[in-house]
Amino acid sequence: MAGLEELDAALRELGVDLVFAELKDTVRRKVERYGLARTFDARRFYPTVEAAVDAFRSDSGTDWGPGAPGDR
């Protein structure tokens, strides 16, 4: 799993945060087994893609999506 940690480091250098959403149970168990749940902050795991997008919009102040200004 070092490759995932390297990817995360490279993305962070570019100002991009790696997050995880809608992990299937088998994938979630592997993430936990390989210690990635300890490596990555729990706030980077989201139950749904919608929750991840909502968190990004809230954190960044971004106002985009259906019905957003300029979405016509």
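**Notebook: helix 4, the aromatic cluster and the core**

I began with helix 4, residues 49-60, in this predicted model. Its 12 residues reach 16 Å from the first C-alpha to the last, close to the 16 Å expected at 1.5 Å a residue. I then looked at what follows helix 4 and found glycine 61, with a positive phi near 75 degrees.

**Overall layout**

I listed the elements next. I recorded 4 helices and 2 strands in the chain, and from the N terminus on they run α-β-α-α-β-α. I noted that 17% of the 72 residues count as buried. For the accessible surface of the chain I entered about 5,600 Å², with 53% of that belonging to carbon and sulfur atoms. I also checked contacts with a separation of 6 or more: residues 24 or more positions apart account for 55% of them.

**Aromatic pairs**

I asked how many aromatic pairs the chain holds. The count came to 2. I examined the pair of phenylalanine 20 and phenylalanine 45, which is stacked, with 4.9 Å centre to centre and 15 degrees between the planes. Phenylalanine 20 lies in strand 1 (residues 20-21) and phenylalanine 45 in strand 2 (residues 45-46), so this pair ties together parts that are 25 residues apart in sequence.

I then compared the burial of the two partners. Phenylalanine 20 has a relative accessible area of 14% and is buried, whereas phenylalanine 45, at 23%, is partly exposed. The cut-off for buried is under 20%, so the value of 23% places phenylalanine 45 outside that class. I noted further that Phe20, Phe40 and Phe45 form one aromatic cluster.

**Nonpolar core**

Which residues make up the largest nonpolar core? I found 5: Leu18, Phe20, Val31, Leu36 and Phe40. I set beside this the general remark that nonpolar side chains tend to be buried together in soluble globular proteins.

I looked up the surroundings of phenylalanine 40, leaving aside its neighbours within four places in sequence. Phenylalanine 40 is in contact with Leu4, Glu5, Asp8, Phe20 and Phe45. Two of these contacts, Phe20 and Phe45, are also its companions in the aromatic cluster.

**Glutamate 22**

My last entry concerns a backbone angle. Glutamate 22 is not a glycine, yet its phi is positive, at about 55 degrees. I located glutamate 22 in the loop between strand 1 and helix 2 (25-33). Is this residue buried, partly exposed or exposed? I recorded glutamate 22 as partly exposed, with a relative accessible area of 45%.

Methods:
Residues numbered from 1 in each chain as written. Predicted model: local features only at pLDDT ≥ 70, side-chain atom pairs only at ≥ 80, totals over all residues. Heavy atoms only, no water. Expected span 1.5 Å × (residues − 1). Core = buried A, V, L, I, M, F, W, Y, C linked by side-chain atoms within 4.5 Å. Buried < 20%, exposed > 50% of the residue type's maximum accessible area, 1.4 Å probe, protein only. Contact = heavy atoms within 4.5 Å. Phe/Tyr/Trp six-rings, centres within 6.5 Å; stacked < 30°, edge-to-face > 60°. Areas by Shrake-Rupley, 256 points an atom, 1.4 Å probe, with all protein chains shown as cover.
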